[in-house]
Each structure stands twice: as structure tokens, then as C-alpha cells.
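Me: Please take me through one part of this model in detail. I would like to follow a hairpin, what is paired with it, and the bonds around it.

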Amino acid sequence: MTQKGQVLLIVVLVMVIGLTVGLSIASKSITSLRSSTDEANSQKALAAAEAGIEQAIKSNVSIAGGSFTNNTTYDTTVTKVLGTSFLLNAGNPVLADDGISLWLSDYSADPNLIYQNRWSGDLTIAWGYSADGCSNAALEVAIISGTKISPILTRYAFDPCQVRSSVNRFTFVTSSSSTISGRNFYYQRTINISSSFPGLLAKIIPLYTNASMGITGSTPLPSQGSTITSTGKSGGTERKVNVFQGFPEVPSEYFPYNLFSP
């Protein structure tokens with residue numbers, strides 16, 4: 001009887017071990033399959049969001065309920081960028097030494113209509129990822145004001161890093177936090193554009209590192225283009241893409257905004 005009990009115990013232990021191993025293998029297989037499915041859905045959702053961006057750029061209108069045959073959908077919203085407060089480049093970082101244009105007058109493809117309704121007032125530029133000034137970009141700001149016949153170029157240079165500013169001679173900027181379109185910034189600087197010489201166009205260039213930037217005007221600023229937000233969905237996965245569709249950039253040959261020559 002003792003031997004029979006031992007055999008039964010061994011059989012039970014073998015069954016338990018076998019069941020444990022089987023469940024472990026099954027769990028890993030299910031997890032791997034789920035990860036593969038999620039990755040595939042993520043790629044489909046991203047592709048759908050990008051397709052929505054392309055469609056919105058072509059049509060310049062919002063697209064609600066776009067879909068594909070594989071149960072993948074997208075929603076795309078086109079929002080004009082203008083007013084007293086907005087993010088530059090849809091909130092995406094502007095590359096160091098690259099820069100982005102800020103229109104201080106109305107853009108038009110018609111040479112006879114461009115640069116009308118020139119803007120004047122207090123222009124505040126906000127930037128900075130953290131309170132550590134030296135981890136953030138310095139900014140070069142070039143503003144063209146006056147008239148198309150007699151434009152005036154004015155340059156400014158700001159740096160939140162006191163160590164750098166003592167060397168590059170930029171204007172040192174102390175920490176001053178602000179929030180624009182839900183984005184927090186740690187530094188800001190205000191430039192007054194006189195009504196005697198209203199603005200035509202500005203160029204803002206991050207130096208040393210990339211920078212996200214926000215703009216606030218004392219009065220509404222002209223249209224800068226459009227922000228296109230597209231959300232793709234596939235299965236239970238959702239991906240979102242933000243793109244800024246601005247107006248054509250002024251060629252650098254006609255806009256000498258660099259502080260430093262090569």
C-alpha cells in the first residue's frame with residue numbers, strides 16, 4: 001500500500017509539473033502573439049494617421065471618419081495658426097541653427113498683396129524645456145520691419161545660460177515661466193515692434209540645441225499657416241501625428257539672418 005501511495009504521489013507531481021510547464025509555454029505564446037498583434041496595429045494606426053496628414057495637405061480641410069478596408073480609421077483636423085497666442089511648428093522642436101519664420105504681416109502668393117497689414121506691438125517668445133538654463137537653447141531673432149521698399153533688419157540674441165552669455169555676449173535671460181496651448185516654458189523674452197516701423201517678417205533660430213517655442217502678441221498676429229493633427233486607430237491601438245504646414249520660407253539669400261559667417 002505504501003508503494004502504491006508513492007506511485008500516485010509521483011504521478012500527481014509529474015502531472016503538476018507538466019501542467020505548469022504547459023501553462024508557461026502557452027502564456028509566453030499568448031504574450032508573444034499579443035505583442036505581435038499590438039505592434040502590427042501600431043504600425044497600421046501610424047500609417048493611417050500619416051495618410052490622413054497627406055489627404056489634409058492636399059485638400060486643406062479636416063477629414064472625419066476616414067477609413068481603410070482592414071478596420072483601420074483616421075480623423076484629421078486642420079486648424080489655422082493665428083491669434084494672440086500659439087505654438088510655433090505645431091509644438092514640435094525647431095532644429096538648432098535651422099530656424100522658423102514668424103509672419104508679422106499677411107502672406108499672399110500674389111507679390112502685390114504680400115506684406116500687407118503689418119503688425120506692431122509687444123511680441124513675447126517663450127521657450128525652454130527646464131529651469132536649467134544651460135540645458136536649453138539660446139535664441140537669435142531677426143526681425144524685418146518697415147516697408148517692402150525700405151525694409152529694416154534688427155537682430156536680437158538671448159541666452160538663458162549665464163556661463164554661455166558671458167562668452168557669446170548674448171542678452172542673459174532669467175527664468176520666467178509661462179504656458180501656451182498647454183505647453184509649459186521656463187524662459188521668455190518680449191520684443192517691442194514699433195508702430196512707426198511695423199513688422200513684415202521675423203526669423204527665430206535656436207542655437208546650441210533644438211527648441212520648442214511659443215508666441216504671444218499684445219494684439220492678434222497674422223496667420224502663420226495650419227496645424228494638422230491626425231489620429232489613426234487600428235484594433236485597440238491609437239497613434240497621433242502633428243504637422244505644421246507653414247507658408248513658403250523666404251530664401252536665406254534674401255534674408256541674411258545669420259549672426260555668424262561660416
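**A hairpin and its surroundings**

Reply: Val141 stands opposite Tyr156, a residue of strand 6. This is a predicted model, in which local features need pLDDT of at least 70 and side-chain atom pairs count only at pLDDT 80 or more, while totals for chains, interfaces and linings use all residues. Residues are numbered from 1 along each chain as its sequence is written, and side-chain values use heavy atoms, without hydrogens and water.

Start with the two strands. (Strands are DSSP runs of E, at least two residues; helices are runs of H or I, at least four; both are numbered from the N terminus.) Strand 5 covers residues 138-146, and strand 6 covers residues 151-159. They run antiparallel, and 8 bridges join them. (Strands pair if DSSP finds at least two bridges between them.) How many residues lie between strand 5 and strand 6 in their hairpin? There are 4. So trace the chain along strand 5, through those 4 residues, and on into strand 6. The pair Val141 and Tyr156 gives you a place to look across from strand 5 to strand 6. In a regular strand, side chains alternate between the two faces of the sheet.

Strand 6 has another partner, strand 7, at residues 171-172. In which sense do strand 6 and strand 7 pair, parallel or antiparallel? The sense is parallel, over 2 bridges. Contrast that with strand 5 and strand 6, which run antiparallel. Find Asp159 to see the link to strand 7: its bridge partner there is Phe172.

Stay on Asp159. Besides its strand bridge to Phe172, Asp159 forms a salt bridge with Arg164. (A salt bridge puts a side-chain nitrogen of Lys or Arg within 4 Å of a carboxyl oxygen of Asp or Glu.) The closest N and O atoms of Asp159 and Arg164 are 2.8 Å apart. Are these two residues buried or exposed? Asp159 and Arg164 are both buried. (Buried means under 20% relative accessible area, exposed over 50%, and partly exposed in between, for a 1.4 Å probe and protein chains only.)

Now look at the loops. Cys134 and Cys161 are joined by a disulfide, with 2.0 Å from S to S. (The cut-off is two cysteine sulfur atoms within 2.5 Å.) This pair links distant parts of the chain, 27 residues apart. Cys134 sits in the loop between strand 4 (121-127) and strand 5. Cys161 sits in the loop between strand 6 and helix 2 (162-168). A search of the whole structure finds 1 disulfide. What is the torsion about its S-S bond? It is about 75°, so the disulfide of Cys134 and Cys161 is right-handed. The two ends are placed differently. Cys134 counts as partly exposed because its relative accessibility is 39%. Cys161 is buried, because its relative accessible area is 3%.

One more stop, for contrast. The structure holds 2 salt bridges. Away from Asp159 and Arg164, the side chains of Lys233 and Glu238 meet in a salt bridge, at 3.9 Å from N to O. Lys233 has 38% relative accessibility, so it counts as partly exposed. Glu238, at 49%, is therefore partly exposed. Asp159 and Arg164, recall, are buried.

Conventions:
Two strands pair if DSSP finds at least two bridges between them.
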